Amino acid sequence: MTAITNLLDLDPAQLIAYCGELGEKPFRAKQLQRWIHQFGISDFEAMTDLAKSLRDKLAGRACVSAPAIISDHTSTDGTRKWLLDVGQGNAIETVFIPEETRGTLCISTQAGCAVNCRFCSTGKQGFNRNLTVAEIIGQLWMAEFELRKTKGIPLGHKGERQITNVVMMGMGEPLLNFEPTVTALKLMLDDNAYGLSRRRVTLSTSGVVPMIDKLSQECPVALAVSLHASNDTLRDSLIPLNKKHPLSEVMAACKRYLEFAPRDFVTFEYCMLDGVNDSDQHARELIDLVRNVPCKFNLIPFNPFPESGLKRSHNPRIKAFAQILSDAGLVTTIRKTRGDDIDAACGQLAGEVQDRTRVQERMQKQAEYQQKFGANFGRIVEIT
């Protein structure tokens, strides 16, 4: 029995090779790609300008299959979140953020996340597996055509694209799932698929240094780095990966990346945590840290969740922090929180990932012990 090939798994070059195996010319691959990615068509019979013989061949050995939608919620501010089934009891989340001049899709690259940043609810559920190319690009394919259906826009009409920007900032660390992520990026950029500009596709990483260098050579898109701390001691406690790739290495990698990047700056994301990383001193350390890296700062009000033990910085503190960075000549924005009411805001994408770390169970135990032995049980207390 012939294995069925999911055509969403193939980048432009791979699709040409696949058509070659079927005895077809390269231009057939371009036609196929347009039907799939520009028109949103998954039924080969509906691809009317393909030869009947090719349609018959495809029907027996290929499919166009994105992850199935489990739920679809729209927030009061227009943010839309889909929960998608990726099998074995795992689900991922994809979020669309509409703005006046653009529509941004936030895409996941892993079911769960192995990085386990302290302020991120996804990481608290542990890591299940990397997503395939079809599961990554399938989020864009699904969202684009679902949005068109909702608005009554016919499929495939040029100039009617709903998603103008993509950010690889959903569940998972994209650079720890490198090959499938890069293949999906190539499809996003290809003119016979989504035709997005490199400037409008952003990959966010917590700082996997060797892979930042690899990305600069294979598919440089706009780069965002989850910074969240101004010194190594603090970052070690928030992002365990920092012990492997400390800040000096991350900054050097950012500088190297900018030689190949479509934008002349790196975006540093900084989650504002009350009493943890939001003092004037932290702001001054940041100014010193990024002195040689052209960048802008995106300050993100923290979205609290019980397991973190962290609180959101107060608005006046966030503004004062932003002012210090701004006064030093750093472009600084404070991200609006979007989709809070449907848990679609930054750091809240927990999906229905199977809980590999039994964190819910452990947190419940911790709460019981704290009731018994006092609020500081299990907390790191500094002894002076």
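N303 sits in the loop that runs between β13 (295-301) and α10 (315-327). This is a predicted model, so every value here is computed from it. Is N303 buried or exposed? N303 is buried, because its relative accessible area is 3%, and buried means under 20%. The side chain of N303 also has a partner: it makes a polar contact with the side chain of R312, at 3.1 Å.

**A second asparagine in a loop**

Now look at N277, which belongs to the loop between β12 (266-272) and α9 (280-289). N277 counts as buried, since its relative accessibility is 0%. The side chain of N277 reaches a backbone atom, the oxygen of C271, at 2.8 Å. Which residues touch N277 once its neighbours within four places in sequence are left aside? They are H228, L234, Y270, C271, M272, H282 and F321. You can pick these out in the structure and see how they are arranged around N277.

**A loop residue with some exposure**

R198 is found in the loop between α5 and β10 (201-205). With 37% relative accessibility, R198 counts as partly exposed, because that class lies between the 20% and 50% limits. How far apart are R198 and V221 in sequence and in space? They are separated by 23 residues in sequence, and their C-alpha atoms are 4.9 Å apart. V221 is also one of the residues in contact with R198 when neighbours within four places in sequence are set aside. The others on that list are L189, C219, P220, A222 and P262.

Here are four of the residues side by side.

| Residue | Relative accessible area | Class |
|---|---|---|
| N303 | 3% | buried |
| N277 | 0% | buried |
| R198 | 37% | partly exposed |
| E93 | 5% | buried |

**Positions marked in the UniProt record**

E93 from the table carries an annotation. The unreviewed UniProt entry gives "active site" for E93 and C346. E93 is placed in strand β5 (residues 91-98), and E93 counts as buried because its relative accessibility is 5%.

The same kind of record has another feature to look up. Which residues does the unreviewed UniProt entry list under "binding site"? It names C113, C117 and C120. C113 lies in the loop between β7 (110-112) and β8 (127-130), and C120 is placed in the loop between β7 and β8 too. C113 is buried, with a relative accessible area of 11%.

**Two helices side by side**

Two packed helices are described by the angle between their axes and the distance between the axes. Let us try this on α5 (residues 178-189) and α6 (residues 209-218). Their axes come within 12 Å and cross at roughly 30 degrees. Angles under 35 degrees count as roughly parallel, and α5 and α6 are therefore roughly parallel to each other. The crossing of α5 past α6 is right-handed. From α5, the contact is made by F178, E179, V182, L185 and K186. From α6, the residues taking part are M211, K214, L215 and E218.

**The whole chain**

Finally, step back and view the entire protein chain. It has 11 helices and 14 strands. Of its 384 residues, 53% are buried. What share of the contacts with a separation of 6 or more comes from residues 24 or more positions apart? In this chain, such residues account for 66% of those contacts.

Note on methods: Residues are numbered from 1 along each chain as its sequence is written. This is a predicted model: local features need pLDDT of at least 70, side-chain atom pairs count only at pLDDT 80 or more; totals for chains, interfaces and linings use all residues. Side-chain values use heavy atoms; hydrogens and water are left out. UniProt positions are given in the numbering used here, feature names are shortened, and annotations may be inferred rather than shown by experiment. Helices (H or I, at least four residues) and strands (E, at least two) are DSSP runs, numbered from the N terminus. Buried means under 20% relative accessible area, exposed over 50%, partly exposed in between (1.4 Å probe, protein chains only). A polar contact is a pair of N or O atoms within 3.5 Å; within protein, one must be able to donate a hydrogen and the other to accept it, and residues adjacent in sequence count only if both atoms are side-chain atoms. Axes are lines fitted to C-alpha atoms, for helices over the stretch in contact, and angles run from 0 to 180 degrees between N-to-C directions. Angles under 35 degrees count as roughly parallel, over 145 as roughly antiparallel, 65 to 115 as roughly perpendicular and the rest as oblique. A crossing is left-handed if the near helix is turned anticlockwise from the far one by less than a right angle, and right-handed if clockwise. Contact means heavy atoms within 4.5 Å.
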